[in-house]
Amino acid sequence: MFASPTETDIAPSWTLLGLLQRGRGDGWLHALAAPRAEAVAALEHCVLHDPRADWQLERRSLYYARLYLELGADLRPIAEHLFDAEDATRSDEERTGLALSVLGHLATYGRGHALKLLRGYAVRGANWRWALDELAVRDSDAGLRALGPRILDRFPTTEEGEAALASAVRDSFEPRPWRIWAEDPDRPAQRKRLTAALEQGDFDRWQRQLRPSGPRPGWSVASVLDWARDGYEQSPRQWREAPAARCLAAVAGPEDRPALLAAAAGGHPAARAAALRHLADRADPRALALIEAATASPDPDLRRAALTAFSRMDGAATLAQAREWAVRGDELGTTAAALLARRGTATDAPRVLAALHRAARTGGADSRELRPLVEGVGRLCVTAAVPVLRHLYRETPSSQLRCHAARALAATDPHFTNGLAVECLWDCEEETRQLGAESVPTGDARVMERMHSLARDPAEQAGVISAVRGRLGRPRDRNEPAG
C-alpha cells in the first residue's frame, strides 16, 4: 500500500534491531523479553552505528542508556569503539557523539566506569569537546580540575596554539570547565594562559560586532539586491534570501515596486529570491504568479526560495490558490497541501489526506514532506487518516515524525489511548513519552509501574515528570478498571 523506507541501514520495523534503531517503545519492551545476548548485541549495534538520519534533532541517548542499565550491558565495546585507531583519522562528531551521550547519561545514573571513559576520551579522543561537554554538566569540580593540564596539553605554547586555545574557549558549548581551570589557584601558569584566552574570546566577539558584513543605513533596493547577489557568488556560497528580504522591508517604498517585480520575474537567482520573498510577505497581487514561474527554474536554490515564500503567505487569495495547486504532483503541489494542512479549514481535509497518501506512497515513511501533512490531518481531525498514521508511526525511521504521528492519532484514533499511547511511555522522544503520560488510562498495573519509574528517574525531562505526576495525583477515571 505504501512505499518502503528509503534505502538505509535501518532494519525492518518488525525486528528487534529495527525497533531499537527507531527508538520505539516496543523496542525497549522487546529487548527486555528477548534473550539477553541478542538484546545486548542489537543495543550495541545502535550505539556504535548511530541510526539517526538527523542526529541533531532526534534523541536516542537516554533511551539506550536506560537499556544498558536494564540489561546490565558491558561498556567495553563502547570503550573499544571510542579508542579505536579510526578515531585518529575520523574526527567527525557522528562517529562517537551518540556513544559519548550514552556514557553521559550512564554517569548521571551513577555508573562510575562511564565517567572514567568520558574523562579518558576527553584527554585522548578526537571528539574531545563533546566528551568535555558531557563532563561539564556531570563531573565534580575536583574531577574537572584534574583534567585541566591534560586538556591544555592539546594546545602548544606557540602563537598558533594560543589562537587555537582562544578559539576553543570562545566556542565551547559548556564554559564551566574552562572557568574552573582559569580559577585554579594551584596552577598559576594555567590560570595565566586561560585568562588570556578568555579575554581574547571576548575581544574577538567585540571585534565582530564592530565589523558587521551586512547592509548599512541608507542602502537602496538595488544595493540590497547587489548584496544578495554578492553572497551567491562567494565560495562557499552565502544564500542571503531571508536577510535581504528583511532589508528590503526597511528600504523599499511604493516607487520601488516595478524594480522588485522585474527582479522577481527574472535575472540573477539570489536577487530574484530576495524580491520574491519580499513581495510574498506583503501579499503583492502578482506574487503568486511569480512564485509559480520561479518553481519551474532549473536553479534548485531559487525553486526552494519560491516554495518557502509561498509557504509563508496567508489570506483568502493564497488559500484559494493553494486549493488549486494542492492536486499537483510536484513540489508546488506538496507545498500547497502543506499550507492547507497548517491554515486550511475542514473543507480542505480531503486535499490534505490525498497529499498525505501521495507522499507516503512516493517518498516512503521518512519523506520530508510528511510532517506538515501529518500535523494537518491531526489538526483537522481527519479520522480517515488513521490507517496511514498508524503505518507511519510503526515504520518511520524518524522518531520526530513518529512523535507527530502519535499526536495526530491522539486526535483521530479512538483506540489510541489503550493502544499505542501505552507504547509511547517507553519511546526515545521526550514529547512522545509526555503524550503517552497524558493519554494512557491509569488502571493498568504495567502502566502504573512505568509512570512511577518515570517520576523518580533523575535523567527524565521536566515535561514528562510534570505530566506523569499530574496523572498519578489525579483520581482514576470512572471508566478505568481497577489495577
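Which residue lies over the face of Trp-28? In this predicted model, that place is taken by Arg-450, at 5.3 Å from the ring centre. A second arrangement of this kind involves Tyr-232, whose ring face has Arg-237 over it, 3.8 Å from the ring centre.

Aromatic rings also meet one another in this structure. A pair of aromatic rings is described by the distance of the centres and the angle of the planes. The count of aromatic pairs comes to eight. One of them joins Trp-128 and Trp-178 in an edge-to-face arrangement, with 6.4 Å from centre to centre and 70° between the planes. This contact links distant parts of the chain, since Trp-128 belongs to helix H8 and Trp-178 to helix H11 (residues 176-182), 50 residues apart. Both Trp-128 and Trp-178 are buried. Trp-178 has a further edge-to-face partner in Trp-181, at 5.2 Å centre to centre and with 80° between the planes. Here the two residues share helix H11 and sit three residues apart, about one turn of the helix. Trp-181, like Trp-178, is buried. Together with Phe-155, the residues Trp-128, Trp-178 and Trp-181 make up one aromatic cluster.

Helix H8, the home of Trp-128, appears again in the largest pocket, where its six lining residues are the most that any element gives. The space in this pocket is about 960 Å³. Its lining consists of 39 residues, and those closest to the centre are Ser-101, Trp-130, Asp-133, Glu-134 and Phe-173. Two or more lining residues come from each of helix H4 (61-71), helix H6 (93-108), helix H8 (128-136), helix H10 (159-171) and helix H26 (430-439). Sorted by class, the lining of the largest pocket holds 16 nonpolar residues, ten polar ones and 13 charged ones.

Turning to the cysteines, a search of the whole structure gives zero disulfides. Cys-46 illustrates the point: the closest cysteine sulfur, that of Cys-428, is 11 Å from its own, and a bond is therefore ruled out by distance. Cys-381 is likewise in no disulfide, with the sulfur of Cys-403 as its nearest cysteine sulfur, 17 Å away. The surroundings of these residues can be described as well. Cys-46 counts as buried because its relative accessibility is 0%, whereas Cys-381 is partly exposed, with a relative accessible area of 46%.

Technical notes:
Residues are numbered from 1 along each chain as its sequence is written. This is a predicted model: local features need pLDDT of at least 70, side-chain atom pairs count only at pLDDT 80 or more; totals for chains, interfaces and linings use all residues. Side-chain values use heavy atoms; hydrogens and water are left out. A disulfide is a pair of cysteine sulfur atoms within 2.5 Å. Buried means under 20% relative accessible area, exposed over 50%, partly exposed in between (1.4 Å probe, protein chains only). On a 1 Å grid over the protein atoms alone, a cavity is a set of points where a 1.4 Å probe fits but cannot get out, and a pocket is an open set with protein on both sides within 12 Å along at least five of seven lines; lining residues have an atom within 4 Å of a point. Grid points are joined across faces, edges and corners, and a volume is the space filled by probe spheres set on the points. Helices (H or I, at least four residues) and strands (E, at least two) are DSSP runs, numbered from the N terminus. Ala, Val, Leu, Ile, Met, Phe, Trp, Tyr, Cys and Pro count as nonpolar, Asp, Glu, Lys and Arg as charged, and the others, Gly among them, as polar. Rings of Phe, Tyr and Trp (its six-membered ring) pair if their centres lie within 6.5 Å; planes under 30 degrees apart count as stacked, over 60 as edge-to-face and the rest as tilted. A charge sits over a ring if NZ of Lys or CZ of Arg is within 6 Å of the ring centre and within 35 degrees of the ring normal.
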